[in-house]
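Colleague: I'm new to this structure and would like a close look at one part of it. Could you walk me through the charged side chains and how they pair up, with enough background to find my way around?

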Amino acid sequence: YTKDHQTLVVEIPVYVGNKCKTVKEVTMWEQAELAAILQKYWADNQVSCSIKFDPENEAKDLPMLLNEYQYKLKAICFLPKQNTQYDQMPYEEITESKYLELKANIHGNISRIGCFKDPVAEKFCDNDKCVAESY
C-alpha cells in the first residue's frame, strides 16, 4: 500500500532477455514512431504512451518531435529517463537480483487472473441500436 494506505501498488517483474532493446537504448524518436505505428495500424483509438527522453541530449528536440507527430498521435506524455522522478514510475529498470527477489515473492496460480468469465461478443452500435455479432 501507499503511505496513506489508500492505494495498493503492484509490481510485476519482467525479464526481457538480452536480445531486446531497453528504454535506455531507444531514442524518443523511435518511441514516438512506434506509438504512431500502433495507433495507425493496431488501435482503433488513442494509444496510451509515455515517451522517455534523455534530458541532456533530447530535451531540446521535444518541440520538433511534437510538431512532427502532431497529426500522427492523439496524445502523448513525456518522462525523463531517470528512475528517481516519481515514487511509482510506470516502468523501472531493476537488477537481476531484484528481479529474482520479486519473482520469488509471487505465490499461487496467477495464470487465471482475469479469466474467470467467458468473453462477451463485441457489440456493434449504430445510432440507437447495438447488435452482438454471432460467430
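Modeller: Here is a walk through the charged pairs, with the overall layout before them and the nonpolar core after them.

Keep in mind that this is a predicted model. The chain has 135 residues, and buried ones make up 19% of them. Its secondary structure comes to 3 helices and 4 strands, and going along the sequence you meet them in the pattern α-β-α-β-α-β-β. Of the contacts with a separation of 6 or more, 59% are between residues 24 or more positions apart. The accessible surface is about 11800 Å², and carbon and sulfur atoms hold 53% of that.

Now for the charges. Side chains of opposite charge can pair when their charged atoms come close. A search of the whole structure turns up 5 salt bridges, and I'll take you through some of them.

Start with Glu-93 and Lys-24, whose side chains meet in a salt bridge with 3.2 Å from N to O. Glu-93 sits in the loop between strand S2 (77–80) and helix H3 (96–104), while Lys-24 is in the segment before helix H1 (28–41), so this pair ties together parts that are 69 residues apart in sequence. As for cover, Glu-93 is partly exposed, at 49% relative accessible area, and Lys-24 is exposed, at 54%.

Next, look inside helix H3. Glu-101 and Lys-98 both belong to that helix and are 3 residues apart, about one turn. Their side chains form a salt bridge at 3.9 Å, N to O. Glu-101 is partly exposed, with a relative accessible area of 44%, and Lys-98 also counts as partly exposed, at 30%.

Then there's Lys-60, which forms a salt bridge with Asp-61; the closest N and O atoms of that pair are 3.8 Å apart. Lys-60 is exposed, with a relative accessible area of 63%.

With those pairs in view, turn to Glu-58. Where is Glu-58 found? It's in the loop between strand S1 (50–53) and helix H2 (62–68). Glu-58 is buried, yet it has no salt bridge. The nearest side chain of opposite charge belongs to Lys-81, 4.5 Å away. Why doesn't that pair count as a salt bridge? Because the cut-off is 4 Å between the side-chain nitrogen and the carboxyl oxygen, and Lys-81 is 4.5 Å from Glu-58. What the side chain of Glu-58 does reach is the backbone nitrogen of Met-28, at 3.1 Å. Leaving aside neighbours within four places in sequence, Glu-58 is in contact with Thr-27, Met-28, Lys-52, Phe-53 and Lys-81.

Two of those names, Met-28 and Phe-53, lead us to the nonpolar side of the story. In soluble globular proteins, nonpolar side chains tend to be buried together. Here the largest nonpolar core has 11 residues in all, including Met-28, Phe-53, Ala-35, Cys-49 and Leu-73. H1, S1 and H2 each supply at least two residues of this core, and H1 gives the largest share, with 4 residues. To see one spot in it, pick Ala-35: apart from its neighbours within four places in sequence, Ala-35 is in contact with Val-47, Cys-49 and Leu-73.

So, to retrace the route, go from the Glu-93 and Lys-24 bridge to the pair within H3, then to buried Glu-58, and finish at the core that has Met-28 among its residues.

Methods
Residues are numbered from 1 along each chain as its sequence is written. This is a predicted model: local features need pLDDT of at least 70, side-chain atom pairs count only at pLDDT 80 or more; totals for chains, interfaces and linings use all residues. Side-chain values use heavy atoms; hydrogens and water are left out. Buried means under 20% relative accessible area, exposed over 50%, partly exposed in between (1.4 Å probe, protein chains only). Lys and Arg count as positive and Asp and Glu as negative; His and the chain ends are not counted. A polar contact is a pair of N or O atoms within 3.5 Å; within protein, one must be able to donate a hydrogen and the other to accept it, and residues adjacent in sequence count only if both atoms are side-chain atoms. Contact means heavy atoms within 4.5 Å. Accessible areas come from the Shrake-Rupley method with a 1.4 Å probe; for residues, only the protein chains shown count as cover. A nonpolar core is a set of buried Ala, Val, Leu, Ile, Met, Phe, Trp, Tyr and Cys residues joined through side-chain atoms within 4.5 Å.
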